[in-house]
Amino acid sequence: MDQTVNEQNERDHQEEKPNQSPLSFKSLLWHGGSVYDAWFSCASNQVAQVLLTLPYSFSQLGMLSGIIFQVFYGIIGSWTAYLISILYVEYRTRKEKENVSFKNHVIQWFEVLDGLLGPYWKAAGLAFNCTFLLFGSVIQLIACASNIYYINDKLDKRTWTYIFGACCATTVFIPSFHNYRIWSFLGLGMTTYTAWYLTIAAVLHGQVEGVQHSGPTKMVLYFTGATNILYTFGGHAVTVEIMDAMWKPRKFKFIYFIATLYVFTLTIPSATAVYWAFGDQLLTHSNAFSLLPTNGWRTTAIILMLIHQFITFGFACTPLYFVWEKVIGMHETKSMCLRALARLPVVIPIWFLAIIFPFFGPINSAVGALLVSFTVYIIPSLAHMLTFRSASARQYDMSGTCMFWVQNAAEKLPIFLPSWVGMYVVNSFIVVWVLVIGFGFGGWASMANFIKQVDTFGLFAKCYQCPPQGSTTAHH
């Protein structure tokens, strides 16, 4: 019985695969759905502008805490992405047993929660996920303006935000995550270049005269830095959409973890090297580019990051487009032009918020504490525990009539944790830790820091953390 459903599910996914030659140019660049596409999407989406703020977090945390928190949140982030993948497969399996068709329909996280746990969970998932993705898109716009300013300071950052808001609005023409194949590949190349540029440039620059590494000095800064790292490894708010774009979603399970291992090779060396070179100067320079000397290598890194932020904006905004399409009844419309037109209203509030809160760096921590903590750590852990809370939910019913039937339940437990008790212990630890440290202390610290930025620079700040007129960016 379970083998039959397995085969049926795989056939259903294969039906969605475009009927093109494997060597078709369009297929090569546009129609992604393999395990490799999913890995590139996860690795590319996990780090973007946050690469530039991690040295700032290290200055708040200190070197040792910075590295420990990266590894810790990377591991628990991978774990909750694994839980999300299990819940997606469970939801899809149940629905397909009821002969529900998902043709021309992208399954999203709030629908998984609705199908498994009911409307209240749907509402919570929808609220947290959409708000996080909204501010995730805002952060990419702010980062674009912050970065381009280091190449061309003739325009202030607010004006650059207007310009890049219009550019990023073109993502409405990208239908789904199937179509990010070439962008994910290029995006990962761009972040890899930037990370190693930061590392090598900082080492070659050497330590500034009288460098100090005094972090951590204040509790508010310590938890702000820790929460930015929680945000860094909480990029799996789009896990369900990436899985749904795969031809065989069951193969996703450990892709996020493998992507995280690669991301460690980018984030740890770059943040460590820049903090070693500049120390406490980073406390007032949340963008690492601002401290490195102007040259062709830096300009290349900035341009690549700008392109990558456009891609990441699309990653964060596409699920919002899907939600909006479903609300107005346009989701299954085949005309991409009509869908693109319908999506445009989603971009307007993002544009507006990026102009109100241009606080590159502090806004990451605030979003991490208040939204990421629930969206990708607490809710998936609780949802997994509640979905499989009964014995029947953890066993395969040979008659095929059990409402809580789980296909190959024994195989779904990971090799390194072959016990349901162990699963519940790990999930409970994540819920308590993130609730207390991430949301509690992190929320207090990041909001205190955020309010300080508002008091210092004001809302609608024209040029956040810009050097005084007359001084050059090369020295800042």
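## Helix packing and selected residues in a predicted model

Val50, Thr53, Leu54, Ser57, Gln60 and Leu61 of helix H4 are in contact with Leu221, Tyr222, Thr224, Gly225, Ala226, Asn228, Ile229, Tyr231 and Thr232 of helix H10. Sorted by class, this contact between H4 and H10 has eight nonpolar residues, seven polar residues and no charged residues. The structure is a predicted model, and the values below are computed from it.

H4 covers residues 50–61 and H10 covers residues 219–232. Two packed helices are described by the angle between their axes and the distance between the axes. For H4 and H10, the axes come within 8 Å and cross at roughly 150°. An angle over 145 degrees counts as roughly antiparallel, so H4 is roughly antiparallel to H10. The crossing of this pair, H4 and H10, is left-handed.

A second pair is formed by H13, residues 296–328, and H14, residues 336–356. Their axes come within 9 Å and cross at roughly 120°. H13 and H14 are therefore oblique to each other. The crossing of H13 and H14 is right-handed. On the H13 side, the contact is made by Phe313, Cys317, Leu320, Tyr321, Phe322, Trp324, Glu325 and Ile328. On the H14 side, it is made by Arg339, Ala342, Arg343, Pro345, Val346, Val347 and Ile350. By class, the contact of H13 with H14 has 12 nonpolar residues, no polar residues and three charged residues.

How many helices and strands are there in the protein? There are 17 helices and zero strands. The protein has 476 residues, and buried residues make up 58% of them. Consider the contacts between residues at least 6 apart in sequence: 85% of these join residues at least 24 apart.

Four single residues can now be placed in this picture. The table lists where each is found and how accessible it is.

| Residue | Place | Relative accessibility and class |
|---|---|---|
| Arg92 | helix H5 (residues 63–97) | 5%, buried |
| Asn99 | loop between H5 and H6 (109–117) | 71%, exposed |
| Asn104 | loop between H5 and H6 | 43%, partly exposed |
| His285 | loop between H12 (255–278) and H13 | 17%, buried |

Arg92 is in H5. Why does Arg92 count as buried? Buried means under 20% relative accessible area, and Arg92 is at 5% relative accessibility. Arg92 and Leu116 are 24 residues apart in sequence, and their C-alpha atoms are 10.0 Å apart in space.

The loop between H5 and H6 holds Asn99, and Asn104 has its place in the loop between H5 and H6 as well. Most residues other than glycine have a negative phi. Asn99, although not a glycine, has a positive phi of about 60°. Asn104 is likewise not a glycine and has a positive phi of about 60°. Asn99 counts as exposed at 71% relative accessibility, while Asn104 counts as partly exposed at 43%.

His285 lies in the loop between H12 and H13. Is His285 buried or exposed? With a relative accessible area of 17%, His285 is buried. A polar atom of the His285 side chain lies 2.8 Å from the backbone oxygen of Gln281.

Note on methods:
Residues numbered from 1 in each chain as written. Predicted model: local features only at pLDDT ≥ 70, side-chain atom pairs only at ≥ 80, totals over all residues. Heavy atoms only, no water. Axes fitted to C-alpha atoms, helices over the stretch in contact; angles between N-to-C directions. Helix = DSSP H or I, 4+ residues; strand = E, 2+ residues; numbered from the N terminus. Parallel < 35°, antiparallel > 145°, perpendicular 65-115°, else oblique. Left-handed = near helix turned anticlockwise from the far one by under 90°. Contact = heavy atoms within 4.5 Å. Nonpolar A, V, L, I, M, F, W, Y, C, P; charged D, E, K, R; others polar. Buried < 20%, exposed > 50% of the residue type's maximum accessible area, 1.4 Å probe, protein only. Polar contact = N/O pair within 3.5 Å; in protein donor to acceptor, adjacent residues only side chain to side chain.
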